[in-house]
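Biologist: Please take a close look at one part of this model for me, the mixed sheet with six strands. I would also like to know how the rest of the chain is laid out around that part.

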Amino acid sequence: SKTVTYDFNVTYTTANPDGQFERRVIGINGKWPIPTIEIEKGDRLVVNLVNGLPDVETSLHWHGLFQNGTNAMDGPGKVTQCALAPGQKMTYNFTINQPGTYWYHSHIKGQYPDGIRAPLIVRDPKGPYAKKYDEEVVISLSDWYHDENPPLLAKFLSVGNPTGAEPVPNSALMNETQGMPFHVKPGRTYMVRLVNMAAFAAQYFWIEGHTMRIIEVDGEYTEEAEAEMIYLTAAQRLSFLLTTKNETTKNYAIVGSMDEDLFDQIPDGLNSNVTGHLIYSAARPLPEPAFVDAFEPFDDFTLVPFDGEDLWEEPTYTFALEVMMDNLGDGANYAFFNGITYVPPKVPTLYTALNAGNLSLTPEIYGRDTNPIVFKHHDVVELIINNNDPGKHPFHLHGHTFQLAYRSDVDAGFFNASDESIEFAKKPMRRDTVLVNPGGNVVLRFRADNPGVWLFHCHIEWHIESGLIATFIEAPDVLQKTQTIPEDHLAICKAQNLPVVGNAAA
Ligand code: C2O
């Protein structure tokens with residue numbers, strides 16, 4: 001294993017990814033799109049981060065990486081670190097033992113839709129599928145707004161928007177462009193890594209005339225499963241094997257198509273589809289952009305984990321989160337888990353956990369508005385999400401993958417544990433982001449085996465803004481004995497005069 005180092009200065013630049021509007025974007029080292037991080041399982045990643053933005057804070061989160069033993073490197077501002085003010089710098093430094101397809105993005109409210117998002121690939125030369133393909137390629141899907149996030153956000157969270165209608169993106173993108181060429185040779189197998197880095201839109205994805213064989217979701221290997229069409233929510237990833245045809249007489253469309261059911265209205269000029277090309281022969285014409293074919297997207301709950309792990313029985317901690325949207329006193333629309341809309345604390349929750357001594361197991365000390373839930377070490381947690389809202393939500397947990405035990409249909413209401421017709425998956429797939437149906441529910445299980453402070457939230461960036469976040473505090477007593485905050489992280493808070501004390505445990 002080796003150390004891979006990146007020096008990242010976060011800066012503004014300009015871009016016109018959908019070819020219709022040039023605007024200011026947030027890039028790195030003066031460039032956009034920002035770099036894809038490529039590393040091998042077991043390597044150490046070092047990112048020296050400078051906030052070169054003159055007016056706003058920043059931080060980086062490594063979506064899907066467990067940060068087991070390195071909670072302080074997880075990245076969300078006010079959760080595991082203080083955000084970097086303009087001109088401040090710090091280092092992320094951790095080893096990566098999870099293979100698979102990930103991404104990284106700013107974890108300051110509303111910042112990644114302005115461009116600070118890219119794939120993070122962890123290669124696995126000894127993995128179970130390593131010998132089954134000849135080459136690999138990364139395809140990112142995303143959505144794009146012509147307006148910058150801060151003004152959109154101000155409008156979204158205002159009395160002028162009492163129903164909480166989310167801003168609709170202008171365009172779907174593929175590799176942050178209007179669709180890219182993917183040159184292939186006949187009779188070969190490619191591993192395609194698909195990442196949805198959208199602020200809002202889930203996408204349907206398919207390749208004309210070709211079948212995809214799924215082998216990974218969210219960093220977890222699956223048993224091979226054939227799909228004609230894939231549905232990826234914001235923040236989900238998936239890789240598949242693609243075997244090319246033996247002749248080169250034709251080229252094919254690669255299509256991404258935004259799920260318009262998410263949008264309150266369909267604005268004029270919306271570019272919901274983005275088309276890339278699977279190119280066998282440069283001498284042949286490119287196919288016309290294709291429209292949605294009449295097949296159903298693949299259901300991720302039917303996947304089986306490659307390791308065949310059974311459902312974890314006998315939860316020791318079971319709880320439910322009810323999702324709701326409503327108008328608070330000020331007339332704007334907010335999102336709630338069990339009646340609480342998240343408000344960030346002054347001091348990062350991790351720092352509170354490390355310095356609270358025996359009180360760290362008491363949820364109240366984290367403040368009601370952080371929606372704190374405390375687990376004991378090795379709890380088997382069962383989390384039920386009851387979606388009391390007519391929208392779809394992609395929920396993400398930091399620090400873990402969870403088992404997909406059960407997902408109801410649309411409008412099934414609250415999960416009913418005494419309904420004997422409900423069957424849990426016996427060998428549930430694990431992933432870190434799950435779609436919950438409108439008015440429906442899901443049941444997830446995971447083990448509290450990663451001491452730390454981990455956010456659980458909807459990955460639609462608008463719903464992060466409107467407070468659909470809970471804070472899971474896992475075995476803080478163990479955390480206190482095993483982890484500390486690096487000095488350069490503490491220095492950021494101190495320079496901002498935040499009331500942060502040093503390492504009680506150190
Ligand atoms: Cu992509 Cu809180 O994460």
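Modeller: What follows starts with the chain as a whole, turns to the sheet you asked about, and then goes through other parts of the chain.

The model is predicted. The mean pLDDT of the protein chain is 96, and 97% of its residues reach 70 or more. For the complex, the predictor gives an ipTM of 0.99 and a pTM of 0.97.

The protein chain is divided into domain 1 (1-124), domain 2 (128-307) and domain 3 (317-495). Between the C-alpha centres of domain 1 and domain 3 the distance is 23 Å. These two domains touch: 22 residues of domain 1 are in contact with 26 residues of domain 3. On the domain 1 side of this contact there are nine nonpolar, 10 polar and three charged residues.

Now the sheet. Six strands make up an open sheet, and their order across it is E10-E9-E12-E17-E14-E15. The pairing in this sheet is mixed. Strand E10 (171-174) and strand E15 (220-227) are the edge strands, each pairing on one side only. On average, neighbouring strands of the sheet are turned by 25 degrees against each other, with direction ignored.

One pair inside this sheet can be followed down to single residues. Strand E12 (residues 189-196) pairs with strand E17 (residues 237-243) in the antiparallel sense, over seven bridges. Within this pair, valine 192 of the one strand stands opposite phenylalanine 240 in E17.

A second open sheet can be read in the same manner. It has five strands in the order E22-E30-E29-E24-E27, and its pairing is mixed. Its edge strands are strand E22 (372-375) and strand E27 (433-436), each of which pairs on one side only. The twist from one strand to the next averages 20 degrees. Strand E24 (residues 393-397) runs antiparallel to E27, and four bridges join the two. In E27, threonine 433 is the bridge partner of histidine 396.

One more strand pair is worth following. Strand E5 (residues 60-63) pairs with strand E7 (residues 100-106) in the antiparallel sense over four bridges. Leucine 60 has serine 106 in E7 as its bridge partner. From strand E5, Leu60 and Trp62 point one way, while His61 and His63 point the other way. All of these E5 residues are buried.

Some loops hold backbone details. In the loop between strand E2 (23-28) and strand E3 (37-40) lies proline 33. A cis peptide bond joins tryptophan 32 to proline 33, with omega at about 0 degrees.

Two other loop residues have a positive phi without being glycine. For glutamate 314, phi is near 50 degrees. Glutamate 314 sits in the loop between strand E19 (273-279) and strand E20 (317-327). It counts as exposed because it has 6 C-beta neighbours inside 10 Å, and the cut-off for exposed is 12 or fewer.

For alanine 475, phi is about 45 degrees. Alanine 475 is in the loop between strand E30 (469-474) and helix H4 (476-482). Strand E30 is also a member of the five-strand sheet. Alanine 475 has 23 other C-beta atoms within 10 Å, so this residue is buried; the cut-off for buried is 20 or more. Of these two loop residues, then, glutamate 314 is exposed and alanine 475 is buried.

Terms used. Residues numbered from 1 in each chain as written. Predicted model: local features only at pLDDT ≥ 70, side-chain atom pairs only at ≥ 80, totals over all residues. Pairing = 2+ DSSP bridges. Axes fitted to C-alpha atoms, helices over the stretch in contact; angles between N-to-C directions. Domains from an automatic or database assignment. Contact = placed C-beta atoms within 7 Å. Nonpolar A, V, L, I, M, F, W, Y, C, P; charged D, E, K, R; others polar. pLDDT = per-residue confidence, 0-100.
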